[in-house]
Amino acid sequence: MKPRLILSIFLIIYYFAIINAYSHTPIVGRNGMIVSSSQLASDVGIEILKKGGNAVDAAVAVAFALAVTHPQAGNIGGGGFMLIRFADGNTTAIDYRETAPLSATPTMYLDSEGNIIPDLSLRGPKAAGVPGTVAGLTLALDRFGTMDLKNVVKPAIKLARKGFQVDYGLSQDLSELREDFLKYPSTAKIFLKNGMPYQMGDILRQIDLAKSLEHIAKQGAEAFYHGPIAKQIDRAMKRDGGLISLEDLALYEPVVREPLVNHYREYTIYTMPPPTSGGIILCGLLNALEPDDLRKIGHNSARYIHQFVEICNHYYADRAFFMGDPDFVNVPTMGLISKEYALKIRQSIDPERHIPSQYISHGDSVWLATYLSRPQESDHTTHFSVVDRWGNAVSSTYTLNDSYGSYYVIEGCGFLLNNEMDDFSIKPGAPNIYGLVGDKANAIQPRKRMLSSMTPTIITRDGKLFLILGSPGGSKIITSVCQVVLNVIDHQMNIQDAVLAPRVHSQWLPDEVVIEPLGIPADVVAQLQSKGHTVRRGYFMGEVQAIMVDTNRGLLFGAIDLRNGNSAVSAY
Ligand code: DON
């Protein structure tokens with residue numbers, strides 16, 4: 001052999017050895033896959049698929065199971081969004097976000113001098129919006145599932161009644177929150193053992209929750225919104241000073257919405273429209289980055305991060321001004337997700353210098369609001385992700401807001417209420433728990449949905465299912481999802497590498513780039529600082545639950561996001 005040929009062969013072998021050394025292998029399945037924040041819940045989903053259920057049956061079963069095994073965020077006392085793509089290519093979106101109670105007012109969390117009353121929008125019964133989860137899940141099952149509610153809720157009832165082993169993460173949480181839980185006897189009864197934290201390996205049985213789930217299995221959403229659970233919520237609210245009334249519950253309705261559709265390179269992005277900001281911002285970010293050769297710029301190089309965060313700041317400024325519940329305010333969605341608007345944003349970016357947030361404002365209201373009248377482009381163009389053997393896919397994010405929501409359990413029902421009211425703009429310009437600011441568009445009004453950042457997303461290529469993903473993480477949900485999409489599409493990472501790659505974030509206010517604790521080298525930070533950025537090493541961001549589909553080979557690839565230690569893929 002010629003020396004040159006030998007050298008080439010050596011270099012090729014060396015290259016693949018290096019690639020493999022730094023690459024992580026996804027979990028592979030063929031007939032179905034569930035990625036969620038709990039192994040027990042993912043396994044419940046797979047059992048449903050094995051019994052012949054479709055992706056919606058499995059998703060609903062996973063959601064009820066998560067309400068038992070992942071009480072941090074899994075819930076029946078919160079709300080969320082579910083995006084579904086059917087094997088025939090049709091898509092739909094279910095909005096089961098919470099609403100403000102009828103007696104809520106724009107200034108309900110302020111004192112007589114207009115100052116925010118600490119913690120009122122965050123803890124205790126007053127922090128809760130009217131829950132949407134049970135209505136949303138039962139609607140999804142009724143319309144798009146194939147199995148009986150009874151059979152789909154059964155695994156969750158079993159997990160609640162028989163209990164499950166508390167793992168390290170849950171034991172840590174429950175011990176850290178002991179003092180907070182002790183403030184609410186109904187909560188302490190469920191999540192503490194005689195006032196003391198559960199230890200790793202203890203069995204957590206949730207008998208009251210099992211009873212609530214049994215009511216739901218028998219009577220459906222009726223049980224929660226009109227029946228025995230509604231009565232118990234009403235009683236607890238009256239006793240403990242909450243706002244949710246029988247009328248609020250009776251009036252709650254999930255909404256079926258048209259997913260947002262956007263095109264990024266040769267891919268089609270389906271994602272959630274308002275009342276979440278997630279879909280709009282994800283589409284905007286991708287539109288504004290599309291003209292760049294991101295692979296050439298280099299993943300997580302200073303130039304790449306600069307471009308990404310400068311664009312983020314514009315869309316987050318738009319979030320603060322324009323976005324809210326579309327049933328109450330006109331959100332200029334089509335303008336915001338247009339390629340023309342993305343171009344305007346690109347043109348305002350200085351590749352060498354960070355533009356401080358005080359110089360960035362929302363886009364031109366009139367231009368954005370009238371965008372619809374312009375020629376449109378052609379149209380060819382605790383998150384859990386589920387795919388079944390027929391190619392139906394569900395991407396759903398639901399929440400209590402932050403971990404364990406309001407910390408308040410409804411007496412006798414065994415479930416935590418959300419603290420989602422804090423996602424409203426409780427005072428113009430005042431940051432919420434995620435540092436997000438807002439104004440009139442997201443002010444509190446009775447029955448209005450609070451603005452979210454949840455971003456359940458499904459991506460296709462050439463009309464074939466390609467990627468199903470979403471994440472928790474408050475304001476960082478959107479940037480986490482976006483970076484995983486870019487990692488797959490532009491940086492050609494496998495799904496596991498794409499999920500593990502270090503993330504960055506910026507949200508206009510506060511004016512800073514947050515980077516994950518590991519993986520962004522000091523010289524990149526120094527280069528960003530020299531461009532005028534304030535860089536802060538923060539915590540890990542998001543927990544992306546993603547499935548990549550290779551329709552040609554008939555394979556499903558699932559990724560575990562190690563950031564929170566919960567992420568679990570089940571496949572068969
Ligand atoms: O709807 C929202 O945007 C927030 N309530 C989501 C909260 C969240 O992701 C908490 N997870 N870390």
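**Sheets, helix packing and unusual backbone sites in a predicted model**

Strand β15 (residues 513-515) is joined to β14 by 2 bridges, and the two strands run antiparallel. Helices (H or I, at least four residues) and strands (E, at least two) are DSSP runs, numbered from the N terminus. Two strands pair if DSSP finds at least two bridges between them. The model is predicted: local features need pLDDT of at least 70, side-chain atom pairs count only at pLDDT 80 or more, and totals for chains, interfaces and linings use all residues. Residues are numbered from 1 along each chain as its sequence is written, and side-chain values use heavy atoms, with hydrogens and water left out.

Within the β14-β15 pair, Val-504 has Ile-515 of β15 as its bridge partner. Both strands belong to an open sheet of 3 strands. The order is β14-β15-β16, and the pairing is mixed. β14 (504-505) and β16 (535-537) are the edge strands, each pairing on one side only. Helix α21 (residues 522-530) lies across β15 and β16. Its direction is at about 150° to β16. Here axes are lines fitted to C-alpha atoms, for helices over the stretch in contact, and angles run from 0 to 180 degrees between N-to-C directions. Contact means heavy atoms within 4.5 Å.

The loop between β14 and β15 holds Pro-510. The peptide bond from Leu-509 to Pro-510 is cis, with omega near -5°. Pro-502 sits in the loop between α20 (495-500) and β14. Its C-alpha atom is 8.5 Å from that of Pro-517, a residue 15 places away along the chain. Beyond its neighbours within four places in sequence, Pro-502 is in contact with Asn-300, Gln-483, Glu-516, Leu-518, Gly-519, Ile-520 and Arg-563.

Another open sheet has 7 strands, and its pairing is antiparallel. The strand order is β1-β18-β17-β13-β12-β9-β8. The edges are β1 (27-29) and β8 (260-264), and each pairs on one side only. Neighbouring strands of this sheet are turned by 20° against each other on average, direction ignored. Strand β13 (residues 464-469) pairs with strand β17 (residues 547-550) in the antiparallel sense, over 2 bridges. In that pair, Leu-467 stands opposite Met-548 of β17. Helix α13 lies across β8, β9 and β12. It runs at about 15° to β8.

The loop between β9 (267-271) and α13 (278-289) contains Pro-275. The peptide bond from Pro-274 to Pro-275 is cis, with omega near 20°. A further backbone feature is found at Tyr-404, in the loop between β11 (393-399) and β12 (457-461). Phi of Tyr-404 is near 65°, a positive value in a residue other than glycine. Most residues other than glycine have a negative phi, and most peptide bonds are trans.

Helix packing was examined around α3. Helix α3 (residues 55-69) packs against helix α9 (residues 207-219) at an angle of about 165°, with their axes 11 Å apart. The angle makes α3 roughly antiparallel to α9. Angles under 35 degrees count as roughly parallel, over 145 as roughly antiparallel, 65 to 115 as roughly perpendicular and the rest as oblique. The α3-α9 crossing is right-handed. A crossing is left-handed if the near helix is turned anticlockwise from the far one by less than a right angle, and right-handed if clockwise. Phe-64, Ala-67 and Val-68 of α3 meet Leu-209, Leu-213 and Ile-216 of α9. The residues of this contact divide into 6 nonpolar, no polar and no charged. Ala, Val, Leu, Ile, Met, Phe, Trp, Tyr, Cys and Pro count as nonpolar, Asp, Glu, Lys and Arg as charged, and the others, Gly among them, as polar.

The axes of α3 and helix α5 (residues 149-162) come within 8 Å and cross at roughly 20°. That makes α3 roughly parallel to α5. This crossing of α3 and α5 is right-handed. On the α3 side, the residues in contact include Asp-57, Phe-64 and Thr-69. Those of α5 include Leu-149, Ala-156 and Ala-160. By class, the α3-α5 contact has 11 nonpolar, 1 polar and 1 charged residues.

A search of the whole structure finds 15 aromatic pairs. The rings of Phe-181 and Phe-191 have their centres 5.9 Å apart and their planes at 40°, so this pair is tilted. Rings of Phe, Tyr and Trp (its six-membered ring) pair if their centres lie within 6.5 Å; planes under 30 degrees apart count as stacked, over 60 as edge-to-face and the rest as tilted.
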